[in-house]
Amino acid sequence: MIDLINNVEFLILFLVGSSFIAYMLTKLNTYLGSVFTIFATMFVFVALAGFGFGQGLGVDTIIGFAYKNTYLGFYFAVIIAFIYLMVSFFHPYYLGQYKYKDSYNFLFLLSLAGILGAFYAADFIQLFFFFEMIIWTTMFLIPQGKSREAAVSYFGFSVAGSVAMLTGIFIIFNSTGTFDIANGLAQISGTNATLVFVLFLIAAFAKLGSFPLHIWLPIAHGNAPHPFSPVLSGALVKLGAFIGVLALIRIAPTSSLLVDTINLPLGQWIIAILGSISIVFGTLMAIREDDAKKLLAYSSMSHGGYILVAFSLMNSVAFAGGFYHILAHAIASAAAFMAIAAVARATGTTKMKELGGMIHKMPITYLAYLVAIISMAGIPPMGGFISKWLIFQAVINKGMIFVAIAVFFGSVGSFLYVFRPLAALFLGQEFREYKGVKEAPILMLIPTFILMGLNVYTGVFPAGILNYINNILGELGFASLNVTASSVINVYDNQGILNPAYISLVFAVGVFIAFIIFILLKKSRKVGLMDTYTAANFVHDEHLLHYSVDFYAPLERLYEKHTNWMIRFFESLAKKVKEIGKLGKYLFMSKNIGTTLLWIMTIIILLLWGEVL
Amino acid sequence: MILNVLTGIGIAFFAFVLQTSIAGINRKIVGRLQKRIGPRWYQEFIDIFKLLSKRSVSHGWIFDFGVIMALGGIIGTAMFMPITSSFVAFQDYDNFFIFVYLLAVGMLGMAMSASGSGNPWASIGVMRALTTMLAYEVPFLIVVLTIVNISGSSSMTGIQIYQQTVGNNWFIIALPLGGIVGFISLMGMLGKKPFETYIAPAEIASGPMVEYGGKQLGMLFILHEISVWIEVTLFVHLFLGGATNIVEFLIKYFAVYTLANLISNVNGRFKIDQVVTFFYKWPLLMAVTQAVIAIYFGWVI
């Protein structure tokens, strides 16, 4: 007897079933369908989290797929299911405005089913099947936002990744005779292994939106429906990281060519460099972006670069940093996107130059965004600091100077771009056109508070999570990280010791002292925002006192001429493909009767020739 | 635990008193340089306490909250800093990255508060401050990478002890190029000329500080003194071999701060894009050269 509730396949089938129910209910009433979606997602997340830690989730087959429990798969699955759950709280307030709202919840639940299947898959074909399921369902969610081209771009790059992955899978099957993930990756060797390594990494880069396959990321994130952008950035790009782990860690390094001074296989070293370019490029583009959602999308690209760098360093400290970064970035990025979504719902725009002073209307949303960006910028006491610190330690220990330049640049650059929405959108002058705006409704504040709490928790008490990551490291065959029960992290035999709890405590003590000083002194007189120093000019319009357009103009001027060359490269590539297509059309699909006859004759001759021989 | 925290608070208070006094002495030195008599050495204390006692204006809760968060972050950072190689509040936990990133909390709070005032000069100042940070941090961190890689420790105490061990030089001698980069970056961190673009009193009305007065400004003055102490102390510990006793620390500290101040007083001010191009040209090149020489070739004096 299969224990139903405690089974992966049951959860997947449950999601598929409830997606149809959600479709019906949403057709009936948008609100009802969305609330049903919340409960369905919650059930799956609770079941997953309740049974999955410690590998308790059953993998018995009900209708034919084969599943496998792995620490790695579960780690990804539970993070993504959690982000889905958080985002589902936003559905009741957004779905009404979409053209095909009936299908929204349906596709949303179906893509979550795909996620579970992909991360619990035991063999490659199944992994591929569920991957395609995710891509095909999400592809129809994205165009419900601002633009249809966004979906085309997303789908184009995803398909490129899928094709690469499928080819890799076939190569593995061809040379090892198995579709099993663990065996296949372990047995493959030689030239085939190099090929699979490259092909899988193409898939990983396409899903992760890393340089040079990053074009779709800002387009899709920026134009997707507001509640779907957090899923894209917090959850779906992490699929790329999963594939990256398979390629970078599970395949034994193929090249005997070692980059001597830093002791890394050539393939891994190239990936680290590409990840570095991703970091720098994402940072620079995010700094000059005016749309808050696109800005966060570029920041996702930069963080994807960190994940790639971490997984290419071939040692357990870096891997732990990479895995922790996946979690920290998922939470922070989802929280930031959700804060922007809440603002967009209230004001109807995500353009920073059109917004200002939202903090006075939406203080809780502001705090959620603040906590999220502190984590994103890697500042203690939030989760992003722990992961970035681990990655820094690994990079320093390896002495990888050029990767370090990118890693440090991205880290300091993130202060610049995350501060931009804070200053332009939330702070500054209060605009009169948004006088009537109110704080987000209570149902939307629930996930906001949960994510805020988790951002802090991951930064203060990382021990539990790092111990789980140690399980993954053990599964992958690497030494575990040295973490004590009180969260003291010790890397490379005392080269670096971190006590996150102390940092938070000391920070709290500092703030307490500052607060005491503040409260003991004379109370200040409250004045309006327009009552400021203007060098004796009379300024009557608050828009004139709001500095938000081209915030970093002097810095942007230094590199703005060089921002388009990747897009130009892809445009010229598309042009070349079109030209080849035209040539094909001219040769084979001509309206000229003579050409057609020529081809028919040639084919017949060839066929007959085959017959004769 | 309580004792550690109390020691930390003591260090933060020591930092404030020390730096405020030395800043006062430096005002006198600069005065003599410019053929003035200069103010009394405790003039800085008088300024701060006068500001703290005055009644001021506030532009809303974020304006006040940002100041509290900023000062809190800086006090917290100072609490981790070792004064000598044996005197530190939190033994073993004085990791270098805490100082860079916990300092950033303070800066973020200040930037938030300044932007919350609604004054465009403040926002311009914050933009310039962040841009300057992007400029000086990268070369500085590359040099620190070299130091950590060589000394095998990223704890401030560990780095000091490595330099004090017989046979090892101070890093300013062992890594001469790195030492120069470190000092230039220190000038950027302190906001000394030619890198004081983000304060620029006559150009953007003191930038982030434009709207402050009274207790908020007084608290920002305290914040400034403590953060200067942290930055100069970082330089002393990283490059000058740290200190074995308090007198040694005071001498080194005074020398570094006064040198930076003297250089500052004979310089003009860069434009903000010049700051960026400057740091990404020579200091970064020198930092990378130094790192390659030291890490890949192992040539350390």
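Visitor: Quick one before we start: what counts as a helix or a strand here, and from where are they numbered?

Guide: They're DSSP runs: a helix is H or I over at least four residues, a strand is E over at least two, and both are numbered from the N terminus. Keep in mind that this is a predicted model.

Visitor: Okay, chain B then. Where does Pro194(B) sit?

Guide: Pro194(B) is in the loop between α8 (176-190) and α9 of chain B. The peptide bond leading into it from Lys193(B) is cis, with omega near 5°.

Visitor: Which peptide bond in chain A is cis?

Guide: One is the bond from Pro380(A) to Pro381(A), again with omega near 5°. Pro381(A) belongs to the loop between α16 (363-376) and α17 of chain A.

Visitor: And why bother pointing these out?

Guide: Because most peptide bonds are trans, and most residues other than glycine have a negative phi.

Visitor: Which residue of chain B has a positive phi without being glycine?

Guide: Lys35(B) does, with phi near 60°. You'll find Lys35(B) in the loop between α1 (2-33) and α2 (43-53) of chain B.

Visitor: Is Lys35(B) buried or exposed?

Guide: Lys35(B) is exposed, because just 6 C-beta neighbours fall inside 10 Å, and the cut-off for exposed is 12 or fewer. Asp550(A) also has a positive phi, near 50°. Asp550(A) is in the loop between β6 and α22 of chain A, and with 13 other C-beta atoms within 10 Å it is partly exposed.

Visitor: Changing topic. What is chain B made of overall?

Guide: It has 12 helices and 1 strand. From the N terminus you get two helices, then the strand, and helices from there on.

Visitor: How does its radius of gyration fit with a compact globule?

Guide: It agrees: a compact globule of 301 residues would come out near 19 Å, and chain B has 19 Å. Its C-alpha trace spans about 55 × 45 × 40 Å along the principal axes, and 62% of the residues are buried.

Visitor: How many of its contacts are long-range, say 24 or more positions apart?

Guide: 79% of the contacts with a separation of 6 or more.

Visitor: And chain A, how many helices and strands?

Guide: 24 helices and 6 strands. Its radius of gyration is 26 Å, close to the 25 Å from the globule rule for 613 residues, so chain A is as compact as a globular protein of that length. The C-alpha trace spans about 105 × 65 × 55 Å along its principal axes, with 56% of residues buried.

Visitor: Which strands of chain A form a sheet?

Guide: β3, β4 and β5, in that order, in an open antiparallel sheet. β3 (482-483) and β5 are at the edges with a single partner strand each, so one side of each has no neighbour in the sheet. Between β4 (residues 489-491) and β5(A) there are 3 bridges, and Asn490(A) stands opposite Ile497(A).

Visitor: Now the interface. How many residues of each chain are in contact?

Guide: 64 residues of chain A contact 73 of chain B. Elements of chain A supplying at least two residues to that side include α17 (383-398), α18 (401-426) and α21 (500-520). The chain A side divides into 45 nonpolar, 15 polar and 4 charged residues.

Visitor: What joins β6(A) to chain B?

Guide: 2 bridges, to strand β1 (residues 57-58) of chain B, and the two strands run parallel. Lys526(A) stands opposite Ser58(B) there.

Visitor: Which residues does Val126(B) touch?

Guide: Leaving out residues up to four places away in sequence, Val126(B) touches Ala423(A) across the chains, and Ala111(B), Ala114(B), Ser115(B) and Pro208(B) in chain B. Val126(B) is in helix α5 (residues 120-151) of chain B and counts as buried because it has 26 C-beta neighbours inside 10 Å. Ala111(B) is 15 residues away in sequence, yet the C-alpha atoms are 5.8 Å apart.

Visitor: Last thing: where in chain B is confidence lowest?

Guide: In helix α9 (residues 201-204), at a mean of 73, while helix α11 (residues 246-265) is highest at 90. The mean pLDDT of chain B is 87, and 100% of its residues reach 70 or more. For the complex, the predictor gives an ipTM of 0.91 and a pTM of 0.90.

Technical notes. Residues are numbered from 1 along each chain as its sequence is written. Chains are lettered from A and ligands numbered from 1 in the order in which they are written. This is a predicted model: local features need pLDDT of at least 70, side-chain atom pairs count only at pLDDT 80 or more; totals for chains, interfaces and linings use all residues. The radius of gyration is taken over C-alpha atoms; the globule rule is 2.2 Å times the number of residues to the power 0.38. A residue is buried if 20 or more other C-beta atoms lie within 10 Å of its own, exposed if 12 or fewer, and partly exposed in between; C-beta atoms are placed from the backbone. Two residues are in contact if their C-beta atoms, placed from the backbone, lie within 7 Å. Ala, Val, Leu, Ile, Met, Phe, Trp, Tyr, Cys and Pro count as nonpolar, Asp, Glu, Lys and Arg as charged, and the others, Gly among them, as polar. Two strands pair if DSSP finds at least two bridges between them. pLDDT is the predictor's confidence in each residue, from 0 to 100.
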